[in-house]
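Reader: I am new to reading structures, and I would like to understand how the terms used for them are justified. Could you take me through this one with care?

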Amino acid sequence: MLRYIVRRLLLTLPVLFGISLIAFLIIYLAPGDFLDRFRLIGMPVEQIEALERRFGLDQPFIVQYGRWLKQVVSGSLGVSWGFGQPVTEIIWIRVAFTLMMGLTSLIVS
């Protein structure tokens with residue numbers, strides 16, 4: 001039984017890799033990026049290029065994906081520009097509320 005569980009867990013690794021690659025590819029191929037709002041307000045091109053270098057947007061796809069995957073695996077999803085908090089904290093707050101609502105609805109039903 002333990003061998004079966006280990007084998008199934010090892011088989012999930014390529015699936016998770018594939019899903020992460022497809023998700024990143026969809027975001028990468030979408031038109032525009034998060035720096036577009038700075039372009040719209042008329043930020044100087046030099047500052048935008050500096051931000052592109054800072055965030056690695058000037059790198060090829062595979063380098064960007066590798067950096068992103070490394071951060072995701074390490075548990076660091078960065079800081080939200082909208083909330084000014086780490087993204088993991090924002091997600092965990094919402095997960096807690098989701099679990100609370102799910103448990104409440106399970107009890108009521």
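**Pocket, patch and helix**

Author: In this predicted model, the largest pocket has a volume of about 940 Å³.

Reader: What makes the lining of the largest pocket, and which residues lie nearest its centre?

Author: A residue belongs to the lining when one of its atoms is within 4 Å of a pocket point, and 22 residues line the largest pocket, with Phe24, Phe34, Phe55, Leu57 and Trp68 lying nearest its centre. Two or more lining residues are given by each of H1, helix H3 (45–55) and helix H4 (61–74), and H4 provides the largest share, five residues. By kind, the lining divides into 12 nonpolar, seven polar and three charged residues.

Reader: How do you know that the span of H4 agrees with its 14 residues?

Author: Because each residue should add 1.5 Å, the 14 residues of H4 should span 20 Å, and the C-alpha atoms at its ends are indeed 20 Å apart, so the two values agree. Just after H4 comes Gly75, which takes a positive phi of about 90 degrees.

Reader: What makes the nonpolar surface patch?

Author: Patch residues need over 30% relative accessible area, and nonpolar side chains are joined within 5 Å; here Leu2, Val6, Leu10, Leu13, Val15, Leu16 and Ile19 make a nonpolar patch of about 700 Å². One of these, Ile19, has its place in helix H1 (residues 2–29).

Technical notes:
Residues numbered from 1 in each chain as written. Predicted model: local features only at pLDDT ≥ 70, side-chain atom pairs only at ≥ 80, totals over all residues. Heavy atoms only, no water. Patch = residues over 30% accessible without salt bridge, like charges linked within 9 Å, V, L, I, M, F, W, Y side chains within 5 Å. Areas by Shrake-Rupley, 256 points an atom, 1.4 Å probe, with all protein chains shown as cover. Salt bridge = Lys/Arg side-chain N within 4 Å of Asp/Glu carboxyl O. Helix = DSSP H or I, 4+ residues; strand = E, 2+ residues; numbered from the N terminus. 1 Å grid on protein atoms, 1.4 Å probe; cavity = no way out; pocket = protein on both sides within 12 Å on 5 of 7 lines; lining within 4 Å. Points joined across faces, edges and corners; volume = space filled by probe spheres on them. Nonpolar A, V, L, I, M, F, W, Y, C, P; charged D, E, K, R; others polar. Expected span 1.5 Å × (residues − 1).
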